[in-house]
Amino acid sequence: MSIAEDARWMARALALARRGLGETNPNPVVGCVLVKGGRVVGEGWHRRAGGPHAEVHALRAAGAAARGATAYVTLEPCAHEGRTPPCAPALIAAGGRRVVAALRDPNPAVNGRGLAALRRAGLEVTVGVAAGEALALNERFVIAAALTRPFVMLKAALTLDGKIATAAGESKWITSPAQRLRARALRRLHDGVAVGVGTVLADDPLLLPAPRTRRPFHRVVFDSRLRTPLRSRLVSSASDDAPLWIVTTDQAPGREALEARGVRILAAPAREGRVDLEWGLEALRAEGLWSLMVEGGSDLLGALLAARLFDQVALFRAPLLLGGGHGRPAFGGPDPDRLSDAVRLTARSPILPARSAAASPAVPSDGAYEVWYPAGVRYGRRR
Ligand code: AOF
Ligand code: ZN
């Protein structure tokens with residue numbers, strides 16, 4: 001099989017994987033194409049967490065024709081018994097001859113074990129075809145696999161001079177309707193969104209993606225003193241499809257009334273009366289959240305920035321200059337004394353291999369927002 005042919009079938013597998021975007025969380029998106037004699041005998045993609053993996057869909061479609069086929073998969077076939085049976089043994093049992101994977105699965109539960117099992121069974125294994133594209137597609141999953149907290153995207157809608165509200169508190173609306181539409185669509189890529197309680201009190205937001213996801217979409221409030229109103233739209237809409245979790249301290253009164261309305265409370269040991277953000281994020285990860293979009297307010301974004309607890313920044317900038325010295329800055333938090341304390345950003349994803357031409361575009365084609373990454377960050381194995 002030629003390199004060009006491998007690239008062509010992997011492109012097809014990537015296109016299939018893309019169909020799962022927004023619906024497979026916290027799992028990655030994965031596509032699989034089974035090819036024999038230069039034609040497709042079966043294909044599939046992972047549709048939702050807890051459902052069959054891409055390989056299983058493709059094997060079912062191929063039936064007996066899978067014997068002797070090459071499997072093109074955008075992620076290493078798994079070897080672990082998770083919510084579904086492992087894919088590597090399924091490919092072996094079906095009589096596959098060769099497996100081409102774009103990426104090794106960084107999930108500590110897999111991490112090379114699937115590839116090893118395939119090789120042991122005598123299948124030919126090729127890894128790294130279109131790795132850059134596959135990484136860009138599953139950026140949140142791949143980065144989170146190296147962390148003990150969720151992947152964190154900081155999102156702000158701001159004026160060109162960096163303000164998210166006037167001194168009087170007016171914030172609706174800074175960005176255009178088209179930008180706001182894109183921001184709600186961006187939520188779909190994440191397991192959930194988070195805000196500080198100040199934003200709940202000021203805006204009473206619903207924090208749901210549009211279009212809605214078929215899988216549960218989590219809303220999280222960082223709220224040290226449990227000030228989230230029982231009558232807020234977040235609490236009223238808490239459900240299995242749209243869970244509401246509040247990260248608070250173990251000293252905050254009033255949790256029972258919220259719990260009675262179906263709100264999940266995660267109580268951290270208080271640090272100077274406030275939630276320890278790192279503890280909160282690690283607790284969210286332990287509860288299964290791999291990716292979080294943090295949408296404000298100023299204090300929460302500033303605190304996460306100062307603590308370097310983020311992996312990506314999405315800026316929705318409006319062509320406005322507010323002026324004045326008292327508008328609300330997008331990123332509050334502590335004031336650094338020195339320029340060397342500023343957070344330097346880069347447009348290039350830190351997980352892309354140096355030579356890869358693939359890119360997660362810094363500005364999507366509609367120009368609605370910009371994507372930045374912290375410069376100089378290296379993701380190793382689990383930090
Ligand atoms: C594959 N093919 O299509 C996907 C894989 O909870 P489970 O059993 O669905 O396992 C989820 C993990 O399996 C996920 O974190 C990732 O490591 C891998 N996803 N693997 O072989 C697939 N979606
Ligand atoms: Zn699998």
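**Thr70 faces Arg98, its opposite number in strand 4.** Quick housekeeping first: this is a predicted model, with local features needing pLDDT of at least 70 and side-chain atom pairs counting only at pLDDT 80 or more, while totals for chains, interfaces and linings use all residues. Residues are numbered from 1 along each chain as its sequence is written, and chains are lettered from A and ligands numbered from 1 in the order in which they are written. Strands and helices here are DSSP runs numbered from the N terminus (E, at least two residues, for strands; H or I, at least four, for helices). Strand 3 and strand 4 (residues 98–101) run parallel and are joined by four bridges; two strands pair if DSSP finds at least two bridges between them. A little further along, Tyr72 stands opposite Val100. Strand 3, helix 3 (residues 87–93) and strand 4 build a right-handed β-α-β unit, right-handed being a clockwise path from the first strand over the helix to the second when the strands point away from the viewer.

**Strand 3 (residues 70–73) is covered on both faces.** In a regular strand the side chains alternate between the two faces of the sheet. Here Thr70 and Tyr72 take one side, Ala71 and Val73 the other, and all four are buried (20 or more other C-beta atoms within 10 Å of the residue's own; exposed is 12 or fewer, partly exposed in between, with C-beta atoms placed from the backbone). Strand 1 (residues 31–36) pairs with strand 3 in the antiparallel sense over four bridges. In that pairing, Cys32 has Val73 as its bridge partner.

**Strand 4 also pairs with strand 5 (residues 124–127).** This pairing is parallel and again runs over four bridges. Val100 stands opposite Thr126 in strand 5. Helix 4 (residues 113–120) joins in with strand 4 and strand 5 to make a right-handed β-α-β unit.

**Tyr72 and the largest nonpolar core.** The core holds 105 residues; a core is a set of buried Ala, Val, Leu, Ile, Met, Phe, Trp, Tyr and Cys residues joined through C-beta atoms within 7 Å. Which members touch the most others? Ala13, Tyr72, Val73, Leu154 and Val294 do. Strand 6 (residues 151–159) supplies the largest share of this core, seven residues. Leaving out residues up to four places away in sequence, Tyr72 touches Trp9, Met10, Ala13, Cys32, Val33, Val35 and Val100 (contact: C-beta atoms, placed from the backbone, within 7 Å).

**Helix 2 (residues 54–62) is tucked in.** Seven of its nine residues are buried, so the helix is largely enclosed by the rest of the structure. The buried ones are Ala54, Glu55, Val56, His57, Ala58, Leu59 and Ala62. Their cover includes strand 1, strand 2 (39–45), strand 3 and helix 3. Right after the helix comes Gly63, with a positive phi near 60 degrees.

**The shell around ligand 1.** Ligand 1 has 18 residues around it, and the closest are Val30, His46, His53, Gly82 and Asn107; a residue is near a molecule if its C-beta atom, placed from the backbone, lies within 6 Å of it. By type, the shell splits into nine nonpolar, six polar and three charged residues.

**The open sheet has nine strands.** Their order is 11-10-9-8-12-6-13-16-15, with mixed pairing. Strand 11 (264–268) and strand 15 (345–346) are the edges, each pairing on one side only. Inside the order, strand 13 (residues 312–318) and strand 16 (residues 370–374) pair in the antiparallel sense over three bridges. Val313 finds its bridge partner, Trp372, in strand 16.

**Backbone oddities in the loops.** Most residues other than glycine have a negative phi, and most peptide bonds are trans. Ala210 and Pro211, though, are joined by a cis peptide bond with omega about -5 degrees. Pro211 belongs to the loop between helix 8 (197–203) and strand 9 (218–222). Leu207 is found in the loop between helix 8 and strand 9 as well, and its phi is positive, near 60 degrees. Leu207 is buried, with 25 other C-beta atoms within 10 Å. A cis bond also links Gly296 and Gly297, omega being about -5 degrees; Gly297 lies in the loop between strand 12 (291–294) and helix 12 (298–306). Arg308 has a positive phi of about 55 degrees and sits in the loop between helix 12 and strand 13. Is Arg308 buried or exposed? It counts as exposed, with 10 C-beta neighbours inside 10 Å.

Definitions and conventions
Ala, Val, Leu, Ile, Met, Phe, Trp, Tyr, Cys and Pro count as nonpolar, Asp, Glu, Lys and Arg as charged, and the others, Gly among them, as polar. Two residues are in contact if their C-beta atoms, placed from the backbone, lie within 7 Å.
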